[in-house]
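Student: I would like a close look at a single part of this model, the place where one domain meets the other. Please go through it step by step, and set it against the rest of the chain.

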Amino acid sequence: MELFDVYSLFDITPVRAQGCSVWDSEGQEYLELYGGHAVISIGHSHPEYIQAVTEQVSRIGFYSNSVQNPLQKELAHLIGDASGYGDYFLFLDNSGAESNENAAKLASFHTGKDRIIAFRKSFHGRTSGAVALTDNPRIQSPFNSHHKVTFCELNDAQAVERELSAGDVAAVIIEGIQGCGGINIPSDSFFRELRELTVRYGACLIVDEVQSGYGRTGRFFAHQWSGVRPDIITMGKGIANGFPCGGILVSPEFKAVKGMLGTTFGGNHLAMAAAIATIKIITSEKLIDNALKVGQHLLDTILSKTPVKDVRGRGLMIGIEMDTPVAPFRTSLLYDSHIFTGVAGQSMIRLLPPLCLTIEQADTFTNAFNTLLK
Ligand SMILES: Cc1ncc(COP(=O)(O)O)c(C=O)c1O
């Protein structure tokens, strides 16, 4: 049997990884400025993470959500403490798309309404509702086109208010910082206007923190730079450092009804051991502060050293925009300098490294990139 061929692959086979380094099957070492697409938060193969996951699988790896699982409660306490959302509820699932799917469904249950406002250049995932909220017709099938979704421009509060005033909107969904759409940062005042408008018109505010959350921008969630408190916050990617896991934080205004949400694998023992170890390491090693410090250093040095069109981001979520297509630069960084990076669209290099990146590793990237541009 052959694999269903939907991914464009680099001809590299990682076999081992440690911290911000990855080694391929030929023994070549690579520097990680991509984090496996923003997934590796605490660095690869952290010894405490390995120990926690190994011990857990040797005891019990899985049982369903029909029995007590104290690990879920432990994780909820840890996320509550680290994020400042201790009064919210946690629902656990398996991925970013599923978290957005659950958030949209919950907002619709809560308000009794069925339309959702999303933003131009958004990405919320590939499942039916999540892809309908994603501003990319190329990845939507006719089956996904029946959801009621309206796209507004980012930072256009008047357009959002026009839509909300129709009275049929269950939620506004916005990324903490748009990732796949090109590191577009909603203004703090826009977040505050969204909060005010959604309250006024009886809609929920959902912030998708799948990529921008979990410490990446130097705050636990990117929207916390603006001071707003959304109704639902969605999570994925870095939450369990590569073990599939997602979840939503739900405001105390919501009432849980038995059976309204559910999943077979969400919150399983192994995922919980991985997620608990991850958040403990994020906290004990002060990785959120590190993301802010090293991210600012990267922004400053790229800005001062390299002739590019624009550099923007917060913490370790950074986009480098160029006037020319970036694919050749990314390929050269990978094969010549042995540095993994990401892209957004045709003209942006996207950096999403582990939150433990050091200043020296950041400089290795900036120097390699600078040399490439000469
Ligand atoms: C902002 C955002 N939301 C949702 C998703 C979907 O997450 P997953 O691929 O885990 O379903 C992604 C993935 O890149 C994302 O960047």
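**The contact between the domains, and its surroundings**

Tutor: Before the contact itself, one sheet needs a place in the picture: it is open, has 4 strands in the order β1-β2-β3-β13, and its pairing is mixed. Its edge strands, β1 (14–18) and β13 (339–340), each pair on one side only. The model is predicted, and what follows should be read as a description of that prediction.

Strand β3 covers residues 29–32 and runs parallel to β13, with 2 bridges between them. Across this pairing, Leu 31 faces Ile 339 of β13. His 338 lies in the loop that leads from α10 (327–335) to β13. The phi of His 338 is positive, near 60°, and the residue is not a glycine. Most residues other than glycine have a negative phi. His 338 counts as partly exposed because it has 17 C-beta neighbours inside 10 Å.

Now the division of the chain. Domain 1 is made of two stretches, 14–38 and 286–373, while domain 2 spans 48–284. Taken over C-alpha atoms, the centres of the two domains are 26 Å apart. Where they meet, 20 residues of domain 1 are in contact with 20 residues of domain 2. On the domain 1 side, the elements that give two or more residues are α1 (35–38), α9 (287–305), β11 (310–314), β12 (317–321) and β15 (348–351). The largest share, 5 residues, comes from α9. Sorted by class, this side of domain 1 holds 11 nonpolar, 6 polar and 3 charged residues.

Two of these contributors, β11 and β12, form a hairpin with 2 residues between the strands. The strands run antiparallel and are joined by 5 bridges. Arg 314 stands opposite Met 317 of β12. In this hairpin, Gly 315 takes a positive phi near 55°.

Helix α9 can be followed through one of its residues, Leu 298. Is Leu 298 buried or exposed? Leu 298 is buried, because 26 C-beta neighbours lie inside 10 Å. Leaving out residues up to four places away in sequence, Leu 298 touches Ile 318, Leu 351, Ala 362 and Thr 366. Ile 318 falls within the range of β12, and Leu 351 within that of β15. Leu 298 and Arg 312 are 14 residues apart in sequence, and their C-alpha atoms are 10 Å apart in space.

The nonpolar interior also reaches across the domain division. The largest nonpolar core has 109 residues, and those with the most contacts inside it are Ile 116, Ala 171, Val 172, Ile 206, Ile 232, Ala 274 and Ala 275. Helix α8 (residues 269–284) supplies the largest share of this core, 11 residues. The core takes at least three residues from domain 1 and at least three from domain 2. Val 172 shows what such a position looks like: apart from neighbours within four places in sequence, Val 172 is in contact with Ile 117, Val 160, Leu 194, Thr 198, Ala 203, Leu 205 and Ile 206.

Two further positions can be set beside these. Glu 74 is in helix α3 (residues 70–83), and counts as partly exposed because it has 16 C-beta neighbours inside 10 Å. Glu 74 and Ala 273 are 199 residues apart in sequence, yet their C-alpha atoms are 9.8 Å apart in space. Lys 121 sits in the loop between β5 (115–119) and α5 (128–132). Lys 121 has a positive phi of about 70° although it is not a glycine. Lys 121 is buried, since 20 other C-beta atoms lie within 10 Å, and 20 is the number at which a residue begins to count as buried.

Last, the ligand. The shell around the ligand has 14 residues, of which Ser 95, Gly 96, Ala 97, Gly 125 and Val 210 come nearest. Helix α4 (residues 96–111) gives the most to this shell, with 3 residues. By class, the shell divides into 4 nonpolar, 8 polar and 2 charged residues.

Technical notes. Residues numbered from 1 in each chain as written. Predicted model: local features only at pLDDT ≥ 70, side-chain atom pairs only at ≥ 80, totals over all residues. Pairing = 2+ DSSP bridges. Near = placed C-beta within 6 Å. Nonpolar A, V, L, I, M, F, W, Y, C, P; charged D, E, K, R; others polar. Core = buried A, V, L, I, M, F, W, Y, C linked by C-beta atoms within 7 Å. Buried ≥ 20, exposed ≤ 12 C-beta atoms within 10 Å, placed from the backbone. Domains from an automatic or database assignment. Contact = placed C-beta atoms within 7 Å.
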